[in-house]
Amino acid sequence: AVAIALAAYLLTRDDDASTTSATPVTLVGDSLNVGIEPYLGDALDGRTADPHDLVGRATAEGVDVLARLGPRLAPVVVVSLGTNDADGTEQEFRALVDRAVDLVGADRCLVWATIVRHGSPRASFNEILAETASAHRNVRLVDWVSIVAEDPELLASDAVHGTPEGYRRRAEATARA
């Protein structure tokens, strides 16, 4: 899907237009996005990414980054947020996901990874992401929950972050999404 979005962008863009980044993928996320950065270029066949990731970032901070980037967002925006949000903040998370969808806009693809924390899926957060993906055809999910369920060894000992192999697999799934 990323490759298709990139091809469509390259075929339809006006070479003199400066409203969209020349980089095909913008990353906005937390340490889990930081972890995929070394592997994503290979997964995207060498295409470049513009990372705006920060260890420990909560969803509100990440959505603020999306707002600041605005028209400089690439045709594909990869988000990894929600892991660092407090328990009981589902309503705030829903509002922030809706704001992220609005900021990315209907002409870009928003790729968001499902959330595993302490070795378990964050079910209520992931339900919000699934509902959002169902409601917006330009939103794609990276099913990190299923990847980890199939092979728990892909999680590091903290049961949050990936192992190097886990990050490589997550990057590959991100590229496919």
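In what order do the elements of the chain run from the N terminus on? I began my notes there, bearing in mind that this is a predicted model, and I read the order as α-β-α-β-α-β-α-β-β-β-α-β-α-α. I counted seven helices and seven strands in the chain.

**Entry: the chain as a whole**

I looked up burial next, and found that buried residues make up 47% of the 177 residues in the chain. For the exposed area I noted about 8,400 Å², of which carbon and sulfur atoms supply 51%. Turning to contacts with a separation of 6 or more, I noted that 74% of them are accounted for by residues 24 or more positions apart.

**Entry: helix α3**

I then went to helix α3, residues 59-69, where I listed T59, G62, V63, V65, L66 and L69 as buried. Looking down the axis of α3, I saw that these buried residues fall within an arc of 150°, so they line one face of the helix. I checked what covers them, and the cover includes the strands β1 (25-29), β2 (49-53), β3 (76-80) and β4, together with helix α4. Just after α3 comes G70, for which I noted a positive phi, near 45°.

**Entry: helix α5**

How far apart are the end C-alpha atoms of helix α5? I worked from its 13 residues (123-135), which at 1.5 Å a residue should span 18 Å, and the end C-alpha atoms are indeed 18 Å apart, which agrees. The buried residues that I listed for α5 are F125, N126, I128, L129 and T132. Because they fall within an arc of 155° when seen down the helix axis, these residues line one face of α5. On the other side of the helix I found S134 and A135 exposed. The cover over the buried residues of α5 includes two helices that I wrote down, α4 (90-104) and α6 (144-150), as well as the strands β4 (109-113), β6 (120-121) and β7 (139-142).

**Entry: aromatic rings**

I searched for aromatic pairs and found that the structure holds two. In one of them, F93 and W112 meet edge-to-face, with 6.0 Å centre to centre and 85° between the planes. Since F93 lies in helix α4 and W112 in strand β4, this pair ties together parts that are 19 residues apart in sequence. I noted that F93 and W112 are both buried.

The pair of F93 and F125 is tilted, with 4.5 Å centre to centre and 40° between the planes. Here F93 belongs to helix α4 and F125 to helix α5, so the pair ties together parts that are 32 residues apart in sequence. F125 is buried, as is F93, and I recorded F93, W112 and F125 as one aromatic cluster.

**Entry: charges over rings**

I also looked for charged ends placed over rings, and found R122 over the face of F125, at 3.9 Å from the ring centre. A further case is R170, whose charged end sits over the ring of W144, 5.0 Å from its centre.

**Entry: the loop after α6**

Is P152 buried or exposed? I located P152 in the loop between α6 and α7 (164-176), and its relative accessibility of 53% is over the 50% cut-off, so P152 counts as exposed. I finished with the distance from P152 to G166, which is 14 residues away along the chain, and noted that their C-alpha atoms are separated by 9.2 Å.

Methods
Residues are numbered from 1 along each chain as its sequence is written. This is a predicted model: local features need pLDDT of at least 70, side-chain atom pairs count only at pLDDT 80 or more; totals for chains, interfaces and linings use all residues. Side-chain values use heavy atoms; hydrogens and water are left out. Helices (H or I, at least four residues) and strands (E, at least two) are DSSP runs, numbered from the N terminus. The expected span of a helix is 1.5 Å times one less than its number of residues. Buried means under 20% relative accessible area, exposed over 50%, partly exposed in between (1.4 Å probe, protein chains only). The arc is that of the directions from the helix axis to the C-beta atoms. Contact means heavy atoms within 4.5 Å. Accessible areas come from the Shrake-Rupley method with a 1.4 Å probe; for residues, only the protein chains shown count as cover. Rings of Phe, Tyr and Trp (its six-membered ring) pair if their centres lie within 6.5 Å; planes under 30 degrees apart count as stacked, over 60 as edge-to-face and the rest as tilted. A charge sits over a ring if NZ of Lys or CZ of Arg is within 6 Å of the ring centre and within 35 degrees of the ring normal.
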